[in-house]
4 protein chains.
Amino acid sequence: MIKAGIVGGTGYTGVELLRILCGHPHVEIRAVTSRSDAGVKVSDLYPNLRGKIDVQFKPPEVEILAGCDVVFFATPNGTCMRMARELLGLGVKIIDLAADFRLHDPSEWETWYGEPHACPELLQESVYGLTEVNRSAIREARLVACPGCYPTAVQLGFLPLIEVKAVSLSSLIADVKSGISGAGRKAQLTSLMAESGESLKAYSVSGHRHLPEILQGLSGFSNEKIGLTFVPHLIPMIRGIHATLYARLTSTEVDFQALFEKHYRNELFVDVLPPGSHPDTRNVKGSNRCQIAVHRPRQSDTVVVLVVIDNLVKGAAGQAVQNMNLMYQFEESTGLEQVGLYP
Amino acid sequence: MIKAGIVGGTGYTGVELLRILCGHPHVEIRAVTSRSDAGVKVSDLYPNLRGKIDVQFKPPEVEILAGCDVVFFATPNGTCMRMARELLGLGVKIIDLAADFRLHDPSEWETWYGEPHACPELLQESVYGLTEVNRSAIREARLVACPGCYPTAVQLGFLPLIEVKAVSLSSLIADVKSGISGAGRKAQLTSLMAESGESLKAYSVSGHRHLPEILQGLSGFSNEKIGLTFVPHLIPMIRGIHATLYARLTSTEVDFQALFEKHYRNELFVDVLPPGSHPDTRNVKGSNRCQIAVHRPRQSDTVVVLVVIDNLVKGAAGQAVQNMNLMYQFEESTGLEQVGLYP
Amino acid sequence: MIKAGIVGGTGYTGVELLRILCGHPHVEIRAVTSRSDAGVKVSDLYPNLRGKIDVQFKPPEVEILAGCDVVFFATPNGTCMRMARELLGLGVKIIDLAADFRLHDPSEWETWYGEPHACPELLQESVYGLTEVNRSAIREARLVACPGCYPTAVQLGFLPLIEVKAVSLSSLIADVKSGISGAGRKAQLTSLMAESGESLKAYSVSGHRHLPEILQGLSGFSNEKIGLTFVPHLIPMIRGIHATLYARLTSTEVDFQALFEKHYRNELFVDVLPPGSHPDTRNVKGSNRCQIAVHRPRQSDTVVVLVVIDNLVKGAAGQAVQNMNLMYQFEESTGLEQVGLYP
Amino acid sequence: MIKAGIVGGTGYTGVELLRILCGHPHVEIRAVTSRSDAGVKVSDLYPNLRGKIDVQFKPPEVEILAGCDVVFFATPNGTCMRMARELLGLGVKIIDLAADFRLHDPSEWETWYGEPHACPELLQESVYGLTEVNRSAIREARLVACPGCYPTAVQLGFLPLIEVKAVSLSSLIADVKSGISGAGRKAQLTSLMAESGESLKAYSVSGHRHLPEILQGLSGFSNEKIGLTFVPHLIPMIRGIHATLYARLTSTEVDFQALFEKHYRNELFVDVLPPGSHPDTRNVKGSNRCQIAVHRPRQSDTVVVLVVIDNLVKGAAGQAVQNMNLMYQFEESTGLEQVGLYP
């Protein structure tokens, strides 16, 4: 039984961590912190957890977290990098769900996140927590930087193509659609149901913070420079990401279906669908599963990859627990067996 | 380990049974039948179940079901009453999620369901599966008739009031709102997203089939005749029922909050909320929980009870499994620990 | 051609006024004010209005509004009562869409709105703008207080019953369901799509501000004291109100269908549906129409009235324009001919 | 005043035609046909039209339509091509909203629609009704083939780029998202709210019927062969199309914003948004407007064009009326002034 803490437990990734961890047989939730809601019972804010978790939010202080084996940061960007050094020094392992330790290059961080990095000396040590790619490093890590939701879907879909060098890397396109929970539990006009319901829009077309993260990840698999156009869209649903990926073929000899099936044949949480499939995001709602389908449209020199995940599970809290399981030598799927909610 | 069969596995209560049972440690799913989809893999129709259940739909024949310990009927009304006798004769227990064995009086069945009852001799033996009410009879039953989704919510909300005789029984009102999955997985115009999305309507105001079931249930607790106006509404969401119940006070001495808390204090799946609460149906999405709040509006002689359930779980498949657990002396909550999906 | 101003043009009732008025042949929109967005082009905030209206938001100052013939207040409660005296003094007519002048009794205002009324001397002059009830007074009015969205639906549904004295007035029940736009364009957590989408809840069961307004309105038609239980619900859709009204019969002789048809036979915007109808809120989406159906459930001593309106049109901006048409002797339906958007 | 008929008035494009035409000052709706609903009042099926249109559905027979000046076909594919010859022979003009006369090449029709074309001799005469492209031919036409919803959005977005030859035509990508009303008013499982709500999927990735239509249209503007990958997606909303278009630059000298503004500067229904805009489909809900934004993502050799329309208006019924206005020398915008419904 390990003792876990959650910093920033009032957001959607926080409550999702609680939902998953309260059913995890080897984890005791020791502390859940929230600056704004300190003193409030967790189950008063999240009535779905009544009877499942009986703790109050506490202020996000190191003393409170010091007794934990592992601390999850389900916080806005910029929080973990200010507490990581001290917690690691106390022997606490860290799994960050925010962006603080995803980019290796502190100047990239500063460019995209608008402030100098507060803890650049840990950037090299931190392990990028895309489980299917970095499994062995994650097992040994003290500090895991979980990927963003978009980067998880986009990388899992592009990686087999890049590995086999069958597509042009200079003009990849990722047209990605996300449910509104990806915008977080923030009181902002654009996330109102009357604004985002029954409507659809692209955003950040000129450049989104997940772009450098994806480029860094994909470049790790290739010696060529990657050119990627990444356009995120806000979809009138609560959960789910659908990535539609486009790449121009450089070889027409490749059996893409076989390529993907082989690449992910041992992965419990990446499910390559039969030829001709079009996955619904619903298939994986509430589940840690990623489903992928690969298509060759008629008369086209382009391969199309469809990827679905639940942005709050495989795109955030689920992958974080998957990584925790590796870090503590638990079965990788422990606590993550939930089936997608259909309908 | 018991062997379970599901008749009519292609509907929403069928797939929900599969979702719950595939995580149940004491159940092996032996057969899933569907006349229309016989030969199809279950996980081809329901891709959320890929990797979780590896069976094909089979035709709904007695020989196929004979090897089961228990058979769930997740069928349209009128199916179970035609197979029940034979299956019981083979020693198979039956849990019917349809209406066939809910009403004790076969003439009531004929009035509301439009055909004579095919198996009236089992109506007295069958046990009405509102778990919180009939727990001991369910333990001994061969044939359990699970309540409808509306009757589950309405009865759980009214029962404490009726027991204590604090309200007028002649003019109860149940204004009930249901998500669209309650209409089933049927290709019909009224269930299209373009028809039922972004809109709201009442239906069957002149009389709905769940009315006699509710009246029968409530009458069992009272010697007075019950007068109930029951108006169901179709809500533009997929899962969830919210019952808003109104009853006129005959006594102003009653502490309703205490009454409800006491009534349900030992119930794992009925959660009486603190005073002043307004439960969201989201609180129980995907969960077997029922949440109840009780209110005394200002200057009013009326008590208002708010009840939420997931129509497919506590209102159907979850309660069916809860009853199965009792019938086989499993822990009542086995396989039903899932937390509501938030958001 | 009259000159109209809109105070508080950035909310949903404000943009709805603009949508309606920019197609009104006798109205020129002279000024649209917003404290927070002064200087911004209206069509930048509301891109649906691009090419239709070419003005900027201005600060809400009397000098700017002084040149208008009529000023609409689409503001939070408490704004109009602070500007009304001065504007009326300048000869500007006022149509208030907020609550400031709805209640005749200033102490009721203080009880429900939490501050003393700033302009009690105009409460008697102000005319309650439920058009179908107060048509002749509205024609002569300088100051019209448009009803709230709930009170519009509830009063139009109950009035024929009260007039004919066929129901018990001591225990009326109004179970009312509203789309989320009724909560306004405010950055608040409860209105987020991830919070209010795919879920349903009651709110303010202990007492909602629209209760005294409805009681005042209904009492005007009766010499008996009215007892009303009013429970509003938040529905996962953007527009629309559905009121389900319950009243116990004191006479079984009344032909309710005929009663309603007769009562509203000359009303262009109140449409009594054929017997057995269940109106969808969709029927009136974007339209100024109110649709009503009346039912006598089987074996019940209760009459059930179903009422649908678009909360932003007949429940707010449309009714305001309907009143303006009366005040300026335009055809009552001018600018209000739009058909409900289906689907 | 011209007399119009509508064949197939029970689908969503049919009711949308009725909504628009019942407010058109120069059109009298003479006949609305439906084989399945003949004898039913139009306003019984579509209660939003109560009081607006007082006709019954009639059987789809030539005698009934012969008295019309113009007949709209809002039918499934394959209907108009069987009636066109006879109606034209009677002097009736035809505006087809289905696919029958969109493709010039009858063998292409057979390939994509699965049967030989029933009226190939009219394929050359028919005018493709993308108004902004074929305005003068439409004015003279007897037979107009209105574009599909996807082809309208995709062509309006790509045309300025193709005209100026600034992008590579061999690998265009159109990632297009549509609301569920695009699937029509058909009782099919995939269109149920419980199936299509709160979820998202691509479909027909291997090849969609709108592909040859788009290719034919774009090729008309270029001497090069066009290579296009077209992936449609089903979005959990009712109305709206969002096309996200990608093209690789062959010149970096082009000012795309100026190009688009110039191209559409005289178009009433194509609105080029300011630089940096991300149009919501909501902006044009219920309106005949198309809104376009053009972007150059950072560090990318790709131009991204965002296009929104209402699939039932500019993508179907609205564009049909726009064409009718041209054919009868009415002001092009007559009956089409409606503002998008916000929110």
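**Exercise 1. Describe how chain D meets chain A in this predicted model.**

*Solution.*
Step 1: count residues. 51 residues of chain D are in contact (heavy atoms within 4.5 Å) with 50 residues of chain A.

Step 2: take the area. Chains D and A bury about 4,200 Å² between them. Carbon and sulfur atoms give 52% of that. Buried area is the accessible area (1.4 Å probe) that two parts lose on being put together, summed over both.

Step 3: find the main contributors. Glu198(D), Leu200(D) and Arg298(D) lose the most area to chain A, together 16% of what that side buries.

A note on the rules: residues are numbered from 1 along each chain as its sequence is written, and chains are lettered from A in the order in which they are written. Local features need pLDDT of at least 70, side-chain atom pairs count only at pLDDT 80 or more, totals for chains, interfaces and linings use all residues, and side-chain values use heavy atoms, with hydrogens and water left out.

**Exercise 2. List the polar links between chains D and A.**

*Solution.*
Step 1: count salt bridges (a side-chain nitrogen of Lys or Arg within 4 Å of a carboxyl oxygen of Asp or Glu). The rule finds four across this interface. One of them joins Asp280(A) to Lys201(D), with the closest N and O atoms 4.0 Å apart.

Step 2: count polar contacts. Here 32 residue pairs qualify, both at pLDDT 80 or more. A polar contact is a pair of N or O atoms within 3.5 Å; within protein, one must be able to donate a hydrogen and the other to accept it, and residues adjacent in sequence count only if both atoms are side-chain atoms.

**Exercise 3. State the symmetry that relates chains D and A.**

*Solution.*
Step 1: superpose by least squares on the C-alpha atoms of residues with pLDDT of at least 70 in both copies. Chain D can be laid on chain A by a turn of 180° and a shift of 0.0 Å along the axis, with an RMSD of 0.0 Å.

Step 2: name the relation. It is that of a two-fold axis.

Step 3: locate the axis. Pro236(D) has the C-alpha nearest to it in chain D, 3.2 Å away.

**Exercise 4. Describe how chain D meets chain C.**

*Solution.*
Step 1: count residues. 34 residues of chain D are in contact with 34 of chain C.

Step 2: take the area. About 2,900 Å² is buried, and carbon and sulfur atoms give 57%. Arg50(D), Val339(D) and Tyr342(D) supply 24% of the area that chain D buries here, more than any other three residues.

Step 3: count salt bridges. There are four. Arg50(D) forms one with Asp271(C), the closest N and O atoms being 2.7 Å apart.
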